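Colleague: I'd like to learn how to read a fold from its coordinates. Could you walk me through one?

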Amino acid sequence: MDLMINEYSAAPASTVVEVTGEIDVYTAPRLRETLVGLVDAGNYRLIVDMERVEFLDSTGLGVLVGGLKRVRAHDGGIDVVCTQGRILRIFRITGLSKVFHIFDTVEEALASHAKPDIHLARPADSAGQAGSAGRAGSAGRAGSAGRAGSGGRAGSGRHAGSGGRAGSAGAADSEDLPDTESPVESAGAVE
């Protein structure tokens, strides 16, 4: 199957890229051209709707990661819309489910942009307190648990860690991946 790409402005500062078909070594350059063109035109908040993608290989993943690097250079981001288990599995196995926010619908992705980012200011610490906070290993682990929570933020959470793992801390960590399967084998197995 061929690759069809449709792009449209869905909200202020958000562009949706609807992708239909197969994203593989032959068709990925078209998606790359689309993403590069959008970024060059000043679109830095992209939502890639992959609901109608039937196949995704490592070349397609590379195009998405390359696009993400381009938009992040301008403080932007790429969100992915996908509910297909076989495509989501590729994102989980490769660890990209931690890199991209994955949503069930375009509307959910747009709604996540409407919410303001909350940045809490850190209280001014004395030198002694800063030193002890720096040594506290639990601060790093708390951040890790926070990342597991952000996996839940990716859509409803049911896709972030499959099999009910999304609710557990450390879900979708590389340690949770099966030893019998490499990302390359899994990516090739999706048809």
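Modeller: Here is a short tour of the sheet, its crossovers and one helix.
The model is predicted, so local features need pLDDT of at least 70, side-chain atom pairs count only at pLDDT 80 or more, and totals for chains, interfaces and linings use all residues. Residues are numbered from 1 along each chain as its sequence is written, and side-chain values use heavy atoms, with hydrogens and water left out.

Colleague: What is the strand order in the sheet?

Modeller: Strands (E, at least two residues) and helices (H or I, at least four) are DSSP runs numbered from the N terminus, and two strands pair if DSSP finds at least two bridges between them. Here, an open sheet of 5 strands runs β1-β2-β3-β4-β5 with mixed pairing. β1 and β5 are the edge strands, each pairing on one side only. From one strand to the next, the twist averages 25°.

Colleague: Which faces of β4 are covered?

Modeller: In a regular strand, side chains alternate between the two faces of the sheet. Buried means under 20% relative accessible area, exposed over 50%, and partly exposed in between (1.4 Å probe, protein chains only). In β4 (residues 77–81), 5 of 5 residues are buried. Both faces are covered: Gly77, Asp79 and Val81 lie on one side, Ile78 and Val80 on the other.

Colleague: How do β3 and β4 pair?

Modeller: β3 (residues 45–56) and β4 are parallel over 5 bridges, with leucine 46 opposite isoleucine 78. The chain gets from β3 to β4 through helix α2 (residues 58–72), and this β-α-β crossover is right-handed. That label applies if, with the strands pointing away from the viewer, the path from the first strand over the helix to the second runs clockwise.

Colleague: And on the β5 side?

Modeller: β4 and β5 (residues 101–103) also pair in the parallel sense, over 3 bridges. Valine 81 stands opposite phenylalanine 103 in β5. Helix α3 (residues 85–93) carries the chain from β4 to β5 in a right-handed β-α-β crossover.

Colleague: Why does the span of α1 agree with its residue count?

Modeller: The expected span of a helix is 1.5 Å times one less than its number of residues. α1 (residues 28–40) has 13 residues, so it should span 18 Å, and its end C-alpha atoms are 18 Å apart.

Colleague: What covers the buried residues of α1?

Modeller: Contact means heavy atoms within 4.5 Å. The cover includes β1 (3–11), β2 (14–23), β3 and α2. Among the buried residues of α1 are Leu31, Leu35 and Val39. After α1 comes glycine 42, with a positive phi near 95°.

How values were computed
Axes fitted to C-alpha atoms, helices over the stretch in contact; angles between N-to-C directions.
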